[in-house]
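Work through the exercises below with the model open. Each task is followed by a solution in steps.

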Amino acid sequence: MNKKRDLVPSHISKLKPYIAGKRIEEVKKEHNLLNIIKLASNENPLGSSPLAIDSISNSNIDFHRYPDSSGYNLRKKIANKFEVKIENVILGNGSEGIMSSIMRTFLSSDDEIISSKNSFIGFRVLANASGIKTNWVPMKNYKYDLPAISKFINDKTKLIYLANPDNPTGTYFNKIKFDDFMKNVPDNILVILDEAYFEYAKDNEDFPDSMFYRYDNVITLRTFSKIYGLASLRIGYGFAHERLINNLMKVKLPFEPSTVAQLAAISAIDDDKFVKKSIFENKINKIKIYESLKNKKLNYIESATNFVTLTFNSSDEAKYFCDSMLTKGIILRNLKGFGLDTCIRISIGNKKETNLFLKILDDFYFNVT
Ligand SMILES: Cc1ncc(COP(=O)(O)O)c(C=O)c1O
């Protein structure tokens with residue numbers, strides 16, 4: 001008799017479930033608190049683009065109809081804004097949705113992936129669930145080590161994932177490093193450049209905005225979740241050579257993203273006022289946080305994003321800090337799950353949240369020192 005095959009593939013049963021941050025209601029109950037500040041998921045603390053909210057509120061959506069599967073109106077709008085053809089644009093259920101489509105479109109079982117060891121956990125979950133061999137290359141000083149990544153390229157390599165800036169470190173690689181790296185990447189290897197935090201980073205002169213140098217084997221991913229404040233709607237977009245987009249369009253879920261998400265994004269993309277305000281407030285509050293951390297001699301990684309990562313001497317110290325903040329109503333992100341167990345990530349809040357967080361931080365250090 002044939003040995004029975006297990007229902008669950010071994011690469012799935014070996015996975016550990018993703019542990020999400022605590023829910024606000026859970027923390028309130030557990031610590032008997034009335035007010036909670038969630039600084040754990042790199043969301044926009046100013047809320048959503050008002051233009052997007054208006055367009056949804058005033059719309060007459062036919063909820064019984066499926067969405068436009070080609071996403072024509074939004075793709076056209078994005079194509080016009082970035083001066084590319086509609087054939088170069090893809091939409092998805094968040095940029096993670098597009099990552100998932102990329103993996104299903106281009107990877108076969110004997111291919112290999114390369115990425116960085118402590119980078120975006122969403123990609124790690126997808127890579128591990130795919131069962132495809134992935135080489136996780138260590139970072140250097142909390143930055144992508146691009147020369148080390150190129151050394152892992154071999155005949156089986158099909159995909160390289162780079163988040164620029166990175167989450168959870170907030171660091172970015174510059175134009176020179178990226179150009180040097182691309183010289184080592186054959187054109188039959190696809191590079192995902194995940195620019196979820198692009199709008200926060202773009203004003204750094206040496207930041208390599210991938211739209212300015214289009215390689216035929218690079219796919220740029222961006223999102224409406226961060227600067228536009230539409231994380232719950234799940235909508236992201238990507239740019240690539242039309243041959244790649246054409247194949248992705250065959251594989252993506254036919255009706256992603258939803259009609260509501262597409263409608264909101266069509267208006268959000270014009271909301272320059274909200275984008276500017278979000279960038280400005282983030283910058284001001286980040287500077288305030290840096291100053292306070294410096295005063296307390298707390299070590300942090302300089303960030304080009306809307307979050308800052310603190311580095312402690314031990315995982316116990318990091319855990320103690322994070323747990324202590326939780327008891328005061330501040331939810332931060334312990335980066336143990338990212339493989340950085342001595343690090344805690346703070347998403348930058350709005351003015352009120354930042355001031356309250358810094359007050360709690362002051363009290364905490366006054367009491368422990
Ligand atoms: C680097 C990076 N890429 C992608 C995403 C997910 O974006 P989306 O909401 O568009 O799926 C995140 C979210 O935290 C992120 O940090």
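The model is predicted.

**Exercise 1.** Locate Lys297 and decide whether Lys297 is buried or exposed.

Solution. Step one: Lys297 belongs to the loop that links α12 to β9 (299-301). Step two: the relative accessible area of Lys297 is 71%. Step three: the cut-off for exposed is over 50%, so Lys297 is exposed. Step four: the backbone of Lys297 has a positive phi of about 55°, although Lys297 is not a glycine. Most residues other than glycine have a negative phi.

**Exercise 2.** Carry out the analysis for Asn42, and state whether Asn42 is buried or exposed.

Solution. Step one: Asn42 lies in the loop between β1 (37-38) and α3 (50-57). Step two: phi is positive here, at about 55°, and Asn42 is not a glycine. Step three: the cut-off for buried is under 20% relative accessible area; Asn42 has 1% relative accessibility and therefore counts as buried.

**Exercise 3.** Find the backbone oxygens that the side chains of Thr309 and Asn282 reach.

Solution. Step one: Thr309 is in strand β10 (residues 307-311), and because its relative accessibility is 0%, Thr309 counts as buried. Step two: the side chain of Thr309 reaches the backbone oxygen of Pro168 at 2.5 Å. Step three: Asn282 is part of helix α12 (residues 272-295) and is buried, with a relative accessible area of 8%. Step four: from Asn282, the side chain reaches the backbone oxygen of Thr305 at 3.2 Å.

**Exercise 4.** Identify the cis peptide bonds that precede Pro165 and Pro257, and place both prolines.

Solution. Step one: the bond from Asn164 to Pro165 is cis, with omega near -5°. Pro165 sits in the loop between β5 (157-163) and α8 (175-183). Step two: Glu256 and Pro257 are joined by a cis peptide bond with omega of about -15°. The loop between α10 (242-251) and α11 (259-268) holds Pro257. Step three, for reference: most peptide bonds are trans.

**Exercise 5.** Describe the surroundings of the ligand, from its pocket to its polar contacts.

Solution. Step one: the ligand occupies the second largest pocket. Step two: 13 residues surround the ligand, and Ser95, Asp194, Tyr197, Thr223 and Ser225 are the closest. By class, the shell has four nonpolar, five polar and four charged residues. Helix α5 (residues 94-106) supplies the largest share, four residues. Step three: a ligand nitrogen is 2.6 Å from an N or O atom in the side chain of Asp194. Polar side-chain atoms of Tyr197 and Thr223 lie 2.7 Å and 2.5 Å, respectively, from an oxygen atom of the ligand. Step four: the ligand taken alone exposes 400 Å², of which the protein buries 93%.

Notes: Residues are numbered from 1 along each chain as its sequence is written. This is a predicted model: local features need pLDDT of at least 70, side-chain atom pairs count only at pLDDT 80 or more; totals for chains, interfaces and linings use all residues. Side-chain values use heavy atoms; hydrogens and water are left out. A residue is near a molecule or strand if one of its heavy atoms lies within 4 Å of it. A polar contact is a pair of N or O atoms within 3.5 Å; within protein, one must be able to donate a hydrogen and the other to accept it, and residues adjacent in sequence count only if both atoms are side-chain atoms. Accessible areas come from the Shrake-Rupley method with a 1.4 Å probe; for residues, only the protein chains shown count as cover. On a 1 Å grid over the protein atoms alone, a cavity is a set of points where a 1.4 Å probe fits but cannot get out, and a pocket is an open set with protein on both sides within 12 Å along at least five of seven lines; lining residues have an atom within 4 Å of a point. A molecule sits in a cavity or pocket if more than half of its atoms lie within 2 Å of its grid points. Helices (H or I, at least four residues) and strands (E, at least two) are DSSP runs, numbered from the N terminus. Ala, Val, Leu, Ile, Met, Phe, Trp, Tyr, Cys and Pro count as nonpolar, Asp, Glu, Lys and Arg as charged, and the others, Gly among them, as polar. Buried means under 20% relative accessible area, exposed over 50%, partly exposed in between (1.4 Å probe, protein chains only).
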